[in-house]
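Colleague: I'd like to learn how to read a fold like this one, charged pairs included. Can you walk me through it?

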Amino acid sequence: MNKLKSDEVKDFYENWDVSKYPDYLKLLMEFEENLIFKIISKDDFFKSLFDNRKNTKILDCGCGFGSFYDLTRDFDTIYLDFSLNLLKKFKIEKNKICANIEKLPFKDGIFDSVLCINVLEHVDFKKAISEVKRVLKTDGNAYFIVVNSDSIINDEIFVEWKIPHNLISKSDFNGIESEDFKIEYINSFYFLHPFFKVFPKLILKRIIDLFFKNDEKISKILKFKGQFLICRMVKK
Ligand SMILES: C[S@@+](CC[C@H](N)C(=O)[O-])C[C@H]1O[C@@H](n2cnc3c(N)ncnc32)[C@H](O)[C@@H]1O
């Protein structure tokens with residue numbers, strides 16, 4: 001992404017205030033977060049890291065204000081974002097770094113795992129992925145989550161951000177796969193149709209609960225058509 005666009009993204013996130021969003025939008029964002037939390041915490045590679053959690057180095061790359069802190073708090077985790085304002089809002093004191101994913105300030109091969117959640121849409125996809133790969137150890141795994149360009153859901157809330165924002169597809173991940181960086185797992189999730197937003201908060205909450213419980217089943221039927229994609233890649 002060129003410098004002008006990158007400045008626009010930075011400005012947007014420096015002023016990002018989710019607390020001002022309407023209730024239904026907070027519910028949808030929470031729904032997405034809960035799904036991500038469930039999928040990653042049940043994932044075999046992630047579960048295998050728990051045995052030696054204190055010595056396992058994780059990078060939450062583009063951590064924002066720390067929505068996924070509870071997923072990584074037991075590990076030796078570094079939280080990185082290029083918005084100083086969001087890092088300030090993140091409640092922890094230590095292990096926060098302000099930097100750009102396209103030029104990570106780390107030596108090669110030091111992380112067991114990298115989480116990169118809803119960040120690749122704003123950056124140079126190839127550059128960012130090659131940096132994530134560089135800082136991973138051999139056999140280390142990265143989790144990428146993006147807004148899916150092949151989605152049949154297409155909720156404008158996730159699709160039409162007011163800042164440079166490229167949707168990404170399964171074929172984009174296939175395109176960057178190489179001998180030493182392989183896709184281990186790829187799937188889509190989040191099948192709540194935008195229509196349901198018309199319901200009052202309490203009813204919407206119940207509908208979301210139903211979709212939460214059935215997300216895995218729906219994703220088996222509507223393969224790769226959900227609002228978001230999750231891709232886990234291993235460095236060989
Ligand atoms: C949609 S938010 C996601 C935040 C967090 N991962 C989450 O899921 O709650 C996108 C994040 O990416 C960060 N970001 C965007 N471009 C970045 C870059 N070039 N380097 C590092 N962080 C970046 C933003 O500051 C923002 O915190």
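Modeller: Let's start with the charged pairs. A salt bridge here is a side-chain nitrogen of Lys or Arg within 4 Å of a carboxyl oxygen of Asp or Glu. Keep in mind that this is a predicted model. By that rule, the count comes to 14 salt bridges.

Colleague: Which residue does Arg73 meet in a salt bridge?

Modeller: The partner of Arg73 is Asp70, with N to O at 3.1 Å. Arg73 is partly exposed at 46% relative accessibility, and Asp70 is partly exposed, also with a value of 46%. Partly exposed covers what lies between buried, under 20%, and exposed, over 50%.

Colleague: Let's move to the sheet. What is the order of the strands in it?

Modeller: For a sheet, read the order across it and then look at the edges. This one is open, with seven strands in the order β3-β2-β1-β4-β5-β7-β6 and mixed pairing. At its edges are β3 (96-98) and β6 (181-189); each has a single partner strand, so one side of each lacks a neighbour in the sheet. On average, neighbouring strands are turned by 15° against each other, direction ignored.

Colleague: In which sense do β4 and β5 pair, parallel or antiparallel?

Modeller: Parallel: residues 111-117 of β4 and 136-147 of β5 pair over six bridges. To find one of them, start at Leu115, whose bridge partner in β5 is Tyr143.

Colleague: And which strands does helix α6 touch?

Modeller: Helix α6, residues 125-135, packs on the sheet and touches β1 (57-61), β4, β5, β6 and β7 (228-235). Its direction makes about 150° with that of β5.

Colleague: Back to charges, then. Where in the chain are Lys127 and Glu102, the two ends of a pair that links distant parts?

Modeller: First the contact itself: the side chains of Lys127 and Glu102 meet in a salt bridge of 4.0 Å, N to O. Lys127 sits in helix α6 and Glu102 in the loop between β3 and β4, 25 residues apart. Check accessibility too: Lys127 is partly exposed at 44%, whereas Glu102 counts as buried at 18%.

Colleague: Which residue forms a salt bridge with Lys133?

Modeller: That's Asp180, with the closest N and O atoms 3.1 Å apart. This pair also links distant parts of the chain: Lys133 is in α6, Asp180 is in the loop between α8 (170-176) and β6, and they are 47 residues apart. Lys133 is partly exposed at 22%, and so is Asp180 at 32%.

Colleague: Which residues do shared partners join into one network?

Modeller: Asp43, Glu184 and Arg232 are joined that way by their salt bridges.

Key
Residues are numbered from 1 along each chain as its sequence is written. This is a predicted model: local features need pLDDT of at least 70, side-chain atom pairs count only at pLDDT 80 or more; totals for chains, interfaces and linings use all residues. Side-chain values use heavy atoms; hydrogens and water are left out. Two strands pair if DSSP finds at least two bridges between them. Helices (H or I, at least four residues) and strands (E, at least two) are DSSP runs, numbered from the N terminus. Axes are lines fitted to C-alpha atoms, for helices over the stretch in contact, and angles run from 0 to 180 degrees between N-to-C directions. Contact means heavy atoms within 4.5 Å. Buried means under 20% relative accessible area, exposed over 50%, partly exposed in between (1.4 Å probe, protein chains only).
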